[in-house]
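Reader: I am new to this one. Could you walk me through how its features got their labels?

Author: Gladly; let us look at it together.

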Amino acid sequence: MREVNLDYGAATPLDPAVLEAMLPYMREHYGNPSSGHSLGQKPRQAMAEAREKVGRLIGAKPGQILFTASASEANNMAVKGIAAASRKKGTHIVASSIEHFSILNPLKTLEKDGFRITLLPVDEQGLVDAGELERAITPETILVSVAAANAEIGTLQDLKALTAVAKAKGVPFHTDAAAAAGWVPLDVQDLGVDLLTLAGDQLYGPKGSAALYVGQGVRLRPLVEGGIQERGLRAGTENIPVIVGLGEAARIAAETREERAQSLAALRDGLKESLLKHVPHLRVNGHPTRRLPHNLHVSVEFVEGEALLMHLDMAGIYVSSGSSCTSQALKSSHVLAAIGLPPELAQGSLLFTLGRESREEDVSYVSGELARIAQLLRAMSPLYQNFLKKGR
Amino acid sequence: MPEYSEKVMEHFKSPKNVGEIAGADGVGEVGNPVCGDMMKFTIKVKDDRLEDVKFLTFGCGAAIAVSSMVAEMAKGMTLDEAMKLTNKDVAKALDGLPGNKMHCSNLGADALHKAIEDYRQKQAS
């Protein structure tokens, strides 16, 4: 059967060059980088190189890169780490309402612990307003966290405008760039961010590879205490093969980003046009231009996302949806609610994320299949039958 | 995607009794797009039996399979028999549903029962 993966936001395959770079550190160079003897030397060097490569992707110094086991961990570290270190300074944190759960849920925990949390609204395209941020910051505010790109609707924030506000008020700024790093240009100096989360599994690196950039003067408390690995901020023997893999993935991402982003944006635009042409009553969500190059988010009116996903899956097409039925918690996406998408359009939402393997010839296949499936499901949809009878 | 039984997949792929009966004797609607599922059942009654049952459903795989199965089971039943059709019966006929999808089976029987109640009310008035 023909298979077309358009869910690279969920996982990317490992780049063969990344795997090759990792293998020696599972075999011969298995030593512990903390060891004083020769076995620790190669792993220690490899880790230093990886730190450099990851730093280069975002314009940071190697010493400012902290390896973690997931973007979720890096986000937790930023939020809880700052909260713990700055509690005496203040107990107010500002974030956007469309953050990942690895920001929102730690904030909920902090709220129970006496912190005050302000979640900023976003406009219909998913943008946070700098004026809104300025009004939200108080003398008690110890952190602002706004993601560089939203993984679902693909919207890219105007980070510079937001960090300028935080900087003027002297509040550290964290950005979750798990979806953005390696896809859009990110330079921590230029952007003015103090902390940044990135992930390797969006970049053809290994799963379980991620990092937190911690800028100068930022004080954090560790989540895991023990040895003094990662400058005492994250105890535990380092996962050298995965760290090496992240470094190599970051190097390749930095070298290929521009070309990859351009070609995938063109392919994505082709897919968008083709879908709009072949599938009636299709709505494109997110920002029209400020968006991730490989992301397309649409709503198929009058039908539900899981049913769409199942039919697409049977046709070998893999995508995701923000519908409540596709989530374990049976809740539709908080991001789609925040941009004011009506519930029935959130239920019928589909997320396409393209990858290096995406091809031009997939476009017509996918739009043809989606057109067929939408028609099939609309034939049994009470919302569509109602629309045919009465209009909107 | 949840793990569905073969029976659920069968009914999802080729649902039976899709549509809306013109001049139906009873109409039952449940759910709304906010919760994710919406069903509309229309019935034709003859001699106190369900001569025909059709459904329209906006919802996930389980909701579509449940609707198809409810209509299939109910056809030919007396109204009293159909009123006794439970969500458990439907889930069982589908060889089970994933735990977090059980609420979909509730909607199917509820929509059918509403259609029958609608018919009975019309008869009474």
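**Cores, bridges and a helix end**

Author: This is a predicted model. A good place to begin is the largest nonpolar core, which has 131 residues; Phe352(A) and Leu112(B) touch the most other members. Helix H8 (residues 240-278) of chain A gives the largest share, 13 residues.

Reader: Why is this core said to lie between domain 1 and domain 2 of chain A?

Author: Both domain 1 (4-10 + 257-390) and domain 2 (16-253) of chain A give residues to the core, so it lies between them. The centres of these two domains, taken over C-alpha atoms, are 29 Å apart. Their contact takes 29 residues from domain 1 and 31 residues from domain 2.

Reader: What does Phe352(A) contact, leaving aside its neighbours within four places in sequence?

Author: Its contacts include Leu6(A), Leu271(A), Leu275(A), Val319(A) and Leu370(A), and also His294(A) and Asn295(A). Another core, of 22 residues, lies apart from the core described above; among its members are Ala74(A) and Leu143(A).

Reader: What makes Arg251(A) and Glu248(A) a salt bridge?

Author: The closest N and O atoms of Arg251(A) and Glu248(A) are 2.6 Å apart. The cut-off is 4 Å between a side-chain nitrogen of Lys or Arg and a carboxyl oxygen of Asp or Glu, so the pair qualifies. Both residues lie in helix H8 of chain A, three residues apart, about one turn of the helix. They also belong to a network of salt bridges that links them with Lys53(A) and Glu255(A).

Reader: Why is Glu248(A) called buried, and why is Arg251(A) called partly exposed?

Author: Buried means under 20% relative accessible area. Glu248(A) has 9%, so it counts as buried. Arg251(A) has 26%, which falls between 20% and 50%, so it counts as partly exposed.

Reader: How do you know that the salt bridge of Lys389(A) and Glu20(B) crosses between chains?

Author: Lys389(A) sits in helix H13 of chain A, while Glu20(B) is in the loop between helix H1 (6-13) and strand S1 (26-32) of chain B. Their side chains meet at 3.1 Å, N to O, so the 4 Å limit is satisfied. Lys389(A) has a relative accessible area of 55%, which is over 50%, so it is exposed. Glu20(B), at 29%, counts as partly exposed.

Reader: Which residues of helix H13 of chain A are buried, and what do they pack against?

Author: The buried ones are Pro382(A), Leu383(A), Tyr384(A), Gln385(A) and Phe387(A). They pack against helix H11 (343-347) and helix H12 (360-378) of chain A, together with strand S2 (37-46) and strand S3 (49-58) of chain B. At the start of H13(A), a side-chain oxygen of Ser381(A) reaches to within 3.2 Å of the backbone nitrogen of Leu383(A). Just after H13(A), Gly391(A) takes a positive phi of about 75°.

Reader: Why is Asp176(A) said to have no salt bridge?

Author: The nearest side chain of opposite charge, Lys80(A), is 14 Å away. A salt bridge needs the atoms within 4 Å, so this pair does not qualify. Asp176(A) is buried and is placed in strand S6 (residues 173-176) of chain A. Its side chain does reach the backbone nitrogen of Ala178(A), at 3.0 Å. That distance is within the 3.5 Å limit for a polar contact. Asp176(A) also touches other residues, including Asn75(A), Glu99(A), His100(A) and Thr197(A).

Note on methods: Residues are numbered from 1 along each chain as its sequence is written. Chains are lettered from A and ligands numbered from 1 in the order in which they are written. This is a predicted model: local features need pLDDT of at least 70, side-chain atom pairs count only at pLDDT 80 or more; totals for chains, interfaces and linings use all residues. Side-chain values use heavy atoms; hydrogens and water are left out. Helices (H or I, at least four residues) and strands (E, at least two) are DSSP runs, numbered from the N terminus. Buried means under 20% relative accessible area, exposed over 50%, partly exposed in between (1.4 Å probe, protein chains only). Lys and Arg count as positive and Asp and Glu as negative; His and the chain ends are not counted. A polar contact is a pair of N or O atoms within 3.5 Å; within protein, one must be able to donate a hydrogen and the other to accept it, and residues adjacent in sequence count only if both atoms are side-chain atoms. Contact means heavy atoms within 4.5 Å. A nonpolar core is a set of buried Ala, Val, Leu, Ile, Met, Phe, Trp, Tyr and Cys residues joined through side-chain atoms within 4.5 Å. Domain bounds come from an automatic or database domain assignment.
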